[in-house]
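Reader: I am new to this structure. Please take one part and go through it closely, with the terms explained as they come up.

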Amino acid sequence: MMPYFSDQFANAASSTHLQGKQAAGAVEESRLRIANCINCEPNEIIFTSGSTESINLAISGVAEIYKSKGNHIITWATEHKAVLESCARLQEKGFEISVLPVNRDGLPDLDILKNCLSKETILVCVMMANNETGTLMPVREIADIAHSHGALVFCDATQAPGKMRINVQDAGADLLCISSHKMYGPKGCGALFLRRKNPRVKITPLIVGGGHENGLRSGTLNVPAIVGMGKAALLCAEKYWEDTSHFSEMRTLLEQILTTNGRGYVNGSIKNRVPNTTNICFPGIKASELISKISTLSMATGSACSSALPEPSHVLKAMGLSDAECYSSVRLSVGRFTTREEIMLAVDLLAKAIDSLRKKLTL
Ligand code: PLP
């Protein structure tokens, strides 16, 4: 990224000079790397400021274009707020929104989906991996059902890169988003995949202006961030096996110790999830107190985007956890650079803090 902040600072849209062309070349190389990472064509990638923007663009963009075909959109209660709020906004404009339930594992009932689909349904929005629990949704099965009713499928795959292979063809997604900062790239950069063939999907832009990104997302491109995202995507693909086996090993170690002796239990599906995330309930303990007791450990109660809000996690609530269980749950994740020593230290800090908070309760 560094040269594109300083020596090569030209605007990628300035095609009248060499520096501009070089910047555009760097953007196109990144586009290719990102397309390779999700198995699509480079011209099916639109650069955005991140998944929140991609989600808003995908949902409102499809709704606007296809509203003459129908006004019904389906999603699930465990989706990210960017999806739920985009849908809620459309509901205010007269669209019919169905927010479907999940079971205790965070998984959907596909019969409910089948019964909900109608000829009015234009879009089904489903995430690939949940950001709070790591639970994997059956995207392919959902896409097959949605397509058989003539609806398009948007997949929020923000949590997936580097933790599982993403293949837009296998997933059956018509639109799909990823975010740079979930794969060690810079924050504030993302990509939206928009299928151009079988079917050719159309959207209306959210941001209009100079006509960048084929007129679908105007605004001068953030060249250093795009270059960083492209490199991050390349590294994720190269390090896939090494990373995923490391994540599994570190998370198993973390969970094994934290869930022994009835200290805690894992929320959500144990089988169907990405290998880096865990969400653990420590009954009787307030997660907020646990977090403030251990300032050296980075953990959260809900999604990072909304952890300042005092409400219980909407994801855990949708899975049927009580308020008390939600307030006793923490989300932990391991990464490429997490060491065994760090896990042992984290476990030690957590176990001591949990035991002392429990002792306080019984006094
Ligand atoms: N969707 C999911 C599943 C996420 O985890 C996040 C962010 O954490 C987003 C969407 C929003 O992404 P961004 O931060 O790139 O706007």
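Author: The part chosen here is a pair of helices: the axes of H1 and helix H7 (residues 223-238) come within 8 Å and cross at roughly 35°. The model is predicted, so local features need pLDDT of at least 70 and side-chain atom pairs count only at pLDDT 80 or more, while totals for chains, interfaces and linings use all residues. Residues are numbered from 1 along each chain as its sequence is written, and side-chain values use heavy atoms, with hydrogens and water left out.

Helices (H or I, at least four residues) are DSSP runs, numbered from the N terminus. Axes are lines fitted to C-alpha atoms, for helices over the stretch in contact, with angles from 0 to 180 degrees between N-to-C directions. The crossing of H1 and H7 is left-handed, meaning that the near helix is turned anticlockwise from the far one by less than a right angle. On the H1 side, the contact (heavy atoms within 4.5 Å) is made by Ala23, Ala26, Val27, Ser30, Arg33, Ile34 and Cys37. H7 contributes Val223, Ile226, Val227, Met229, Gly230, Lys231, Ala233 and Leu234.

Met1 lies in the segment before H1, which spans 18-38. With a relative accessible area of 36%, Met1 is partly exposed, that is, between buried (under 20%) and exposed (over 50%), using a 1.4 Å probe and protein chains only.

Elsewhere, Glu53 sits in helix H2 (residues 51-66) and counts as buried at 11% relative accessibility. Leaving out residues up to four places away in sequence, Glu53 touches Thr48, Leu206, Ile207 and Arg217.

Methods. Helices (H or I, at least four residues) and strands (E, at least two) are DSSP runs, numbered from the N terminus.
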